[in-house]
Amino acid sequence: MELKEYWSDSYHSRDFKLIRIGVVAVRFRWLVALLIIGIAGWIAVDWWVLDPAHFKLLWKVRLITGVMLTPLLPLSYLCKLDRRWMVMSLYALLGILLLFNFVSLWSFRDGVPIPVGYVAFPYFLLALLAVLPLPIRSGLRVAVVMILVVLGTDYWLDSRTLDNGELIDRIWLLLCFSLAMIWVQAGQLRMLLDLYRESTRDPLTRLMNRRLFLRQLEAVRHDSSAGQPYTLILLDLDKFKRINDDHGHLMGDEVLVSVATTIMDIFGQDAIVSRYGGEEFMVLLPETRLEQAARQAETLRLAVESQPVENPLDESEVMVTLSAGVVEGHHDSVPTDLLRQADEALYGAKSQGRNCVVAHR
Ligand SMILES: Nc1nc2c(ncn2[C@@H]2O[C@H](COP(=O)(O)OP(=O)(O)OP(=O)(O)O)[C@@H](O)[C@H]2O)c(=O)[nH]1
């Protein structure tokens, strides 16, 4: 995992962004539910701890806060669909809770000692927000908003001076809790990214697996405009079983890795390349026409044919060839039909004697 992936979600793939937002939305919902129950349930503690005058005001404040938090529960379902909803909901949550913090501290302005539960509320909140797998930049933004509002509240209600030991203590504690929150959030993000990679990458070639590829195909189809086609190339190594039988599975693996590297070299970063099955690869070329894709497939075929793979055990060389089926897709194409057509074109290439490219028309 690269450092920049910890820093901002703009460095994450679109697919991972969706998955992460889904996780954040579920955790956010649980967080809101727990806060509603916790804030309202605390009325029982207040009844025990507070004098009647404070209790009379604060039980209402707690109930109103619970009611204000409730719309965030259905809103969290929209968060799954769009990052902007997520950001809006998170700041709405912060706004409501910081308002609660302000009003409850304000109610103790008559000099009565503030119960620990109220003093600790912002730290408690920072600790709870650590359950969200946010990148560092988002965590920092949340922490800055929290620290500024909490300190502003303290400054306004209490001392109106920065020359105050308690304030310094508060700043120090808020910074420590913020750092802990960001650290745990980044750890959660890392765990999520690692799990995502393990479940979407082929361990041998590190190319994306079939599951992720099919999601990408759907995304490209969805994004393509009416006049802008995309193409699929299904590649299959010829007589691969013989390579395994004659040179061993280790050499077979070596060939798969070598061909995967050549595919990436030929098609570049814009192509979506996957190890589709055992010795099958699939290339998805957005905004590419059939003829252009067939030409690129032919370039790949020649490159693979002209680069024998060296056996690391005895330095002998193994000749490898591949066959390819190419098909063009459009916005209204059905992905399963495209896959079937690519398979038919590949079958055509195999029938023509292998080591050739066939375009489906
Ligand atoms: N070494 C190695 N072999 C694999 C892997 N996955 C699948 N295979 C082998 O790939 C071979 C595929 O063989 P077939 O489906 O008969 O196809 P083929 O020999 O390539 O013949 P044609 O496709 O008709 O040209 C099988 O022997 C599988 O065991 C892998 O990860 N590593």
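A residue belongs to the shell around a molecule if its C-beta atom, placed from the backbone, lies within 6 Å of that molecule. Keep that in mind as we walk through this predicted model.

## Around the ligand

Which element gives the most residues to the shell around the ligand? Helix 13 does, with four residues. The shell has 16 residues, and Phe240, Lys241, His249, Gly252 and Gly278 come nearest to the ligand. Two or more shell residues come from each of strand 1 (230-237), helix 12 (240-247) and helix 13 (249-267). Sorted by class, the shell holds eight charged residues, four polar ones and four nonpolar ones.

Helix 12 is also home to Asn244. This residue has 17 other C-beta atoms within 10 Å, so Asn244 counts as partly exposed. Setting aside neighbours within four places in sequence, Asn244 is in contact with His249 and Gly252. As for Val255, 11 residues away from Asn244 along the chain, the C-alpha atoms of the two are 9.7 Å apart.

## A helix with two sides

Now let us turn to helix 11, which covers residues 210-223. Its 14 residues should span 20 Å at 1.5 Å a residue, and the C-alpha atoms at its ends are indeed 20 Å apart, so expectation and model agree.

Which residues of helix 11 are buried? They are Leu212, Phe213, Gln216 and Leu217. Because these residues cover an arc of only 145° around the axis, they sit on the same side of helix 11. On the other side, Arg211, Glu218 and His222 are exposed. The cover over the buried residues of helix 11 includes helix 2 (14-41), helix 10 (165-200) and helix 15 (335-351), along with strand 2 (272-275) and strand 3 (280-285).

## Strands and their partners

Strand 2 has just come up as part of that cover. Both of its faces are covered: Ile272 and Ser274 are buried on one side, Val273 and Arg275 on the other. Strand 2 and strand 3 form a hairpin, with four residues between them.

Strand 6 (residues 322-329) is mostly covered too, with eight of its eight residues buried. Leu322, Ala324, Val326 and Glu328 point one way from strand 6, while Ser323, Gly325, Val327 and Gly329 point the other way.

Here is how these strands pair up, with one example of facing residues for each pair:

| Pair | Sense | Bridges | Example of partners |
|---|---|---|---|
| Strand 1 and strand 6 | antiparallel | eight bridges | Leu237 and Leu322 |
| Strand 6 and strand 7 (residues 357-359) | parallel | three bridges | Ala324 and Val357 |
| Strand 2 and strand 3 | antiparallel | four bridges | Ile272 and Leu284 |

Strand 6 therefore appears in two rows: eight bridges link strand 6 with strand 1, and three bridges join strand 6 to strand 7.

## Out on a loop

One more stop: the loop between strand 6 and helix 15, where Asp332 is found. Is Asp332 buried or exposed? Asp332 has 8 C-beta neighbours inside 10 Å, and a residue with 12 or fewer counts as exposed, so Asp332 is exposed. Compare this with strand 6, where eight of eight residues are buried. Asp332 and Val184 lie 148 residues apart along the chain, and their C-alpha atoms are separated by 44 Å.

How values were computed. Residues numbered from 1 in each chain as written. Predicted model: local features only at pLDDT ≥ 70, side-chain atom pairs only at ≥ 80, totals over all residues. Nonpolar A, V, L, I, M, F, W, Y, C, P; charged D, E, K, R; others polar. Expected span 1.5 Å × (residues − 1). Buried ≥ 20, exposed ≤ 12 C-beta atoms within 10 Å, placed from the backbone. Arc of directions from axis to C-beta. Contact = placed C-beta atoms within 7 Å. Pairing = 2+ DSSP bridges.
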